[in-house]
Amino acid sequence: MKAPRTAREAHLLNCHVCNKLCFAGTTPQGSMAVCPRCGATMHLRKQDSIARTWAFLITSIILYIPANVYPVMTVTILGKGEPDTIASGVVALINAGMWPLALIVFMASIFVPLLKMLGLTVLLLSVKFKWRWRPVQRTVMYRIIEMIGRWSMVDIFMISILVAVVAFGNLAKIHAGLGARAFALVVVFTIFASMSFDPRLIWDSLGDDRKKG
Amino acid sequence: MEKDFDRVEIKKKSRFSFIWVIPLVAALIGCYLVYDYYVNRGLSITIIFFSGEGLEADKTLIRFEGVEVGKVTSIELIRGKKNVKVSATLDKSAAYLARQGTIFWVVKPQLSAARISGLETMLTGVYIGIRPGKEGGVKKTDFVGLDKPPPADPNRPGLHIILRSQDLGSLQSGSPVLYRQIEVGQVEEHKLAEDNKWVDVNLYIFEEYAGLVRTTTRFWNAGGVTVTGSLSGLKVRAESLSALLAGGVAFDNPPGDYGEPCENNAVFDLYEDRESASAEVVQEKEEVLAPGIPITIKFKTAEGIESGITVVKYKGITVGKVTEISVAEDLSGVILSVQLVEKAKGGAKEGARFWVVKPGFGAEGLSGLDTIISGRYIEARPGHGPPKSDFIGLDKPPLSDPDEPGLHIVLKAPELGSLSPGSPVLHQQVKVGKVEGHEFTENGDSVLIHLHIFEKFAGLVKEQTRFWNVSGIQVSAGLSGIKMRTESLAAIIGGGVAFETPAGGKPARNGQVFQLYTDYESASAPAVETFDIILQAERLGSLGAGKPVYYRSVQVGKITGYELADTADHVNIHVGIEKRYAPLICENTRFWNVSGIGMNFSILSGAKVKTESMEAILAGGVAFATPDNKKMGKPVSEGAVFKLYDEPKDKWLKWKPEIKLFEN
């Protein structure tokens, strides 16, 4: 038996809470490992990582539909105004000549969520089918997804602030639509999904493969 | 290795994972949204508009009573037509509005005299208004829209009535309906009545005011300014400012006559103005319109008379109307067919008289001025004989109406002066009667003037009353100054008769004949009886009737007339000496002419001027002197004849007889 290359191969795991390193041994079916120091549940890998990530990912994909179909925001100036969906908002900004703002909204509201959902899907599939393709790049992708995912909330924050600030009755008012709620949930669930994913799974399949080989 | 690390503890774990609940919930929400969309997706309708101006796909809203109920989804042209087809969706909650009779129109900002409407659309863009058809109408999705707002909803609660008018005036949709100048309704629409003889104006009275309209209510056109002019001044009357600009309808109820509450779609007449809508006028009008008694009147000319318009009046009240004008068979005049109202039947009798009242510049200033505007009318005076239906019309108003209460007397005058029918009869410059007319005496040598003294003043005229003509301005110019005497201004222009009654005497009776004197002086002078003599002169000179006769520069009489002697070799001048001065004239009395300026110049005596008054010298006259008592001779009798000398002798001027005058 070769020297173990990973903690899992060495049957070692640390507590998520107090970071105590323990020896795992074998855990019988229907039982779970508990930290001997703080009593927290211990796992070799994130618990149900694949299933949870799938669940959150599917949820966010479902919600992404109403988020784009329903208007996120209605700007009414002097009684005149019409609801804007995310896409029409971007178009409106471009028409208004506000390119930088349009780019930010596009990145935060369309590109990033799509990228996240697509990326997570790829990662999940790669783990599922134990792809050995470019594990380093896949891990970097995960890191990027993890990092930029929360920035999608910029849109939601902007809407929240506008609704609160622009409240001049009939002169001008902004009203958040159903799409904004759905979009906020999309962002939240993609964050959950990326949190649930355990990037070590990418490397686990490589390890298995190596074992086989 | 195992010994280097603590071993994990083992615990039982629950088998069920809740994580899939989250996508499940999300999926349920998604399903619900899809379901919701399909259930509430609304109704697609199409509306055809004449113009798509201002409409925008996905932006233009459909509003019902100001609430958004739908949105335009697309606008397309109809091939081969100029119209546009607008597709729109109505919200599920408003889908019931799409039914038979529903009207769509484009709401645009409107600026009219009556109001500014749709102002909000200047900012928000146009929208499509909707007015649902009757409840229970058949479902429908294809509509033809209007390009302007439809008239008010006939189903709105409130009162909907129709006014019948000869013409529209300045009324327009939206013009206010005013009750005591409060807007209580609106003009909805107007259209020609079916027979094109009337304009039907639909009014909508707001629900809260519906009770104001009764079956007896009268409506009139309140548009514009009503200027009522009369000699006493101008009366300008306008309803509210908006009615002034945009026209309007006002109404009121006749006092004390509240009919039944009005029902929807009741028909009323629209009167031209407030006056013609007033109860009396309307009643009068209705009476005229009602069938009455037909009579015919023959006039020389039908000038100014129009059938259907010219009315017959009695004392200012309309009693009939000319219905037809035809030429008499023998071409001697025109025959007017007149319908008299039922009430006036009693007047259509033998002796009734009819004449045309037309504007004229007469005694009382302008008369019949109203006829300039209202047209001529026929004045009637009822008769008292047996009933009759064909009459001869008069060219001018008849002489006094013997039926009129008051005193009717006749003045006899050598000439008419400027008197004319209507000239006033004045007493203390108060009008107490009027000249009714005039005619010649039978032999034509003088004029008979018929006077009517009003009943109230009839007692002022007694048997001894003296009348004189006050026409014009009387200027008596003398060297002592100018005396102007006038009666009222109207009398100056139109002539007039004044009178004065000495105390006592019996009241005058109807038809009594009086003398009309030319002026006040001559009217009062006849109180003095005269002693008439005749002077014989070679020529008349500047003498004439009325010239004074002086004794010691005191006027004691005047020349009453003159004539050529039968033999034409001299002039007989008739002189009236006041009776009391009659003893001054004796057989040897000398008369001379004081007319003209007589001045004798001589180097020795200087200028010698006649000694009569300057007035007499300028105006002419006769003077006389009587010798001292011993030489005066016997008194003469009336009609004595004397010679008139051209100038006095010096000794005459020195005579100083003492003569006892008569007691006056």
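The exercises below, each with a worked solution, concern a predicted model of two protein chains, A and B.

**Exercise 1. The make-up of chain A**

Describe the secondary structure of chain A, and state what share of its residues is buried and how much area it exposes.

Solution. Begin with the elements: chain A contains seven helices and seven strands, and, read along the sequence, they follow the pattern β-β-β-β-α-β-β-α-α-α-α-β-α-α. Turn next to burial, where buried residues account for 41% of the 213 residues in chain A. The contacts can then be sorted by sequence separation: of those with a separation of 6 or more in chain A, 66% are between residues 24 or more positions apart. Finally, the exposed area of chain A is about 11500 Å², of which carbon and sulfur atoms supply 69%.

**Exercise 2. The contact between the two chains**

Determine how many residues of chain B and of chain A are in contact, what area is buried between the chains, and which strands form the open sheet that includes β2(B).

Solution. The residue count comes to 22 residues of chain B in contact with 37 residues of chain A. The two chains bury about 2800 Å² between them, with 69% of that area on carbon and sulfur atoms, and the rule finds zero salt bridges across this interface. The sheet is an open one of three strands in the order β4(A)-β3(A)-β2(B), with antiparallel pairing. Its edge strands are β4 (41-42) of chain A and β2 (9-12) of chain B, each of which pairs on one side only. The link between the chains can be followed at residue level, since four bridges join strand β3 (residues 31-34) of chain A to β2(B) in the antiparallel sense, and Met32(A) stands opposite Lys11(B) in β2(B).

**Exercise 3. A covered strand in chain B**

Work out which strands pair with β28(B), in which sense they do so, and how the side chains of β28(B) are directed.

Solution. Strand β28 of chain B covers residues 377-381, and five of its five residues are buried. With strand β22 (residues 311-314) of chain B, the pairing of β28(B) is parallel and extends over two bridges; here Val312(B) has Ile378(B) as its bridge partner. With strand β25 (residues 353-357) of chain B, the pairing is antiparallel and extends over five bridges, and Phe354(B) stands opposite Ala380(B).

For the directions, recall that in a regular strand the side chains alternate between the two faces of the sheet. In β28(B), Tyr377(B), Glu379(B) and Arg381(B) point one way, whereas Ile378(B) and Ala380(B) point the other way, and all are buried.

Why does Glu379(B) count as buried? The relative accessibility of Glu379(B) is 13%, and the cut-off for buried is under 20%, so Glu379(B) falls within that class. Beyond its neighbours within four places in sequence, the residues in contact with Glu379(B) include Lys313(B) and Tyr314(B), as well as Arg353(B), Phe354(B), Trp355(B) and Val357(B).

**Exercise 4. Two further pairings in chain B**

Identify the strands that pair with β7(B) and with β34(B), naming a bridge partner in each case.

Solution. Strand β7 (residues 103-107) of chain B has four of its five residues buried, and five bridges join β7(B) in the antiparallel sense to strand β10 (residues 127-131) of chain B. Within this pairing, Phe104(B) has Ile130(B) as its bridge partner. Strand β34 (residues 466-469) of chain B is joined by four bridges to strand β37 (residues 497-500) of chain B, running antiparallel, with Arg466(B) partnered by Glu500(B). By contrast, β34(B) pairs with strand β38 (residues 513-517) of chain B in the parallel sense over two bridges, where Trp468(B) is partnered by Tyr517(B).

**Exercise 5. Surface and backbone details**

Name the residues of the nonpolar surface patch of about 460 Å², and locate the positive phi values of Asn19(A) and Ala568(B).

Solution. The patch is made by Met98(A), Leu101(A), Ile104(A), Trp151(A) and Val154(A). Of these, Val154(A) is found in helix α5 (residues 153-165) of chain A and is partly exposed, its relative accessible area being 31%.

For the backbone, most residues other than glycine have a negative phi. Asn19(A) nevertheless has a positive phi of about 60°; it lies in the loop between β1 (12-14) and β2 (21-23) of chain A and, at 54% relative accessibility, counts as exposed. Ala568(B) likewise has a positive phi, near 65°, and is placed in the loop between β41 (554-564) and β42 (571-578) of chain B.

Note on methods. Residues are numbered from 1 along each chain as its sequence is written. Chains are lettered from A and ligands numbered from 1 in the order in which they are written. This is a predicted model: local features need pLDDT of at least 70, side-chain atom pairs count only at pLDDT 80 or more; totals for chains, interfaces and linings use all residues. Side-chain values use heavy atoms; hydrogens and water are left out. Patches are made of residues with over 30% relative accessible area and no salt bridge: like charges are joined within 9 Å, nonpolar side chains (Val, Leu, Ile, Met, Phe, Trp, Tyr) within 5 Å. Accessible areas come from the Shrake-Rupley method with a 1.4 Å probe; for residues, only the protein chains shown count as cover. A salt bridge is a side-chain nitrogen of Lys or Arg within 4 Å of a carboxyl oxygen of Asp or Glu. Buried means under 20% relative accessible area, exposed over 50%, partly exposed in between (1.4 Å probe, protein chains only). Two strands pair if DSSP finds at least two bridges between them. Contact means heavy atoms within 4.5 Å. Buried area is the accessible area (1.4 Å probe) that two parts lose on being put together, summed over both.
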